[in-house]
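User: Could you take me through one part of this structure slowly, as I am new to this? I would like to see how a single residue fits into what surrounds it.

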Amino acid sequence: METTVMRLVADKPVVIFTKSTCCMCHSIETLIRSFGANPIVYEIDELSNGRELERDLLAMGQSPSVPAVFIGKQMVGGSNEVMSLHVKGKLVPLLREARAIWV
């Protein structure tokens with residue numbers, strides 16, 4: 001069964017689910033933008049279906065629920081996973097593969 005989260009990430013190179021008060025969410029978004037990517041950002045605490053989205057993310061194993069980063073329709077994870085990919089030099093290749101960046 002396709003969740004609302006999966007419908008929102010379909011056909012988008014980079015999607016980040018955040019909350020407006022989450023400083024780590026802002027940091028992860030800033031990091032991804034620093035490579036030239038333009039992620040779609042859903043601030044779930046400001047959306048009418050935010051609780052449904054949060055339940056979907058938790059059911060997918062994302063804990064805490066935000067930030068939740070999807071690159072190329074695949075859930076990458078939260079801030080720890082994204083930073084780990086960055087430190088290992090694997091974040092930029094993922095963004096390129098998803099056609100979120102070209103250089």
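Analyst:
**A close look at threonine 18**

Threonine 18 is buried, because its relative accessible area is 2%, and buried means under 20%. Keep in mind as we go that this is a predicted model.

Where does threonine 18 sit? You will find threonine 18 in strand 1, which covers residues 14-18. Leaving out residues up to four places away in sequence, threonine 18 touches Cys25, Val41, Tyr42, Glu43, Ile44, Asp45 and Val66.

Now let's step back to the sheet. Strand 1 belongs to an open sheet of four strands, in the order 2-1-3-4, with mixed pairing. At the edges are strand 2 (40-43) and strand 4 (74-77), each of which pairs on one side only. On average, neighbouring strands of this sheet are turned by 25° against each other, direction ignored.

A general point helps here: strands of a sheet pair through backbone hydrogen bonds, either parallel or antiparallel. Strand 1 and strand 3 (residues 68-71) run antiparallel and are joined by four bridges. Within strand 3, alanine 68 is the residue that phenylalanine 17 stands opposite.

Finally, look for the helix that meets these strands. Helix 2, made of residues 23-34, lies across strand 1, strand 2 and strand 3. Its direction is at about 165° to strand 1.

To put the picture together, start from buried threonine 18, follow strand 1 around that residue, and then find helix 2 lying across the strand.

Methods. Residues numbered from 1 in each chain as written. Predicted model: local features only at pLDDT ≥ 70, side-chain atom pairs only at ≥ 80, totals over all residues. Heavy atoms only, no water. Helix = DSSP H or I, 4+ residues; strand = E, 2+ residues; numbered from the N terminus. Buried < 20%, exposed > 50% of the residue type's maximum accessible area, 1.4 Å probe, protein only. Contact = heavy atoms within 4.5 Å. Pairing = 2+ DSSP bridges. Axes fitted to C-alpha atoms, helices over the stretch in contact; angles between N-to-C directions.
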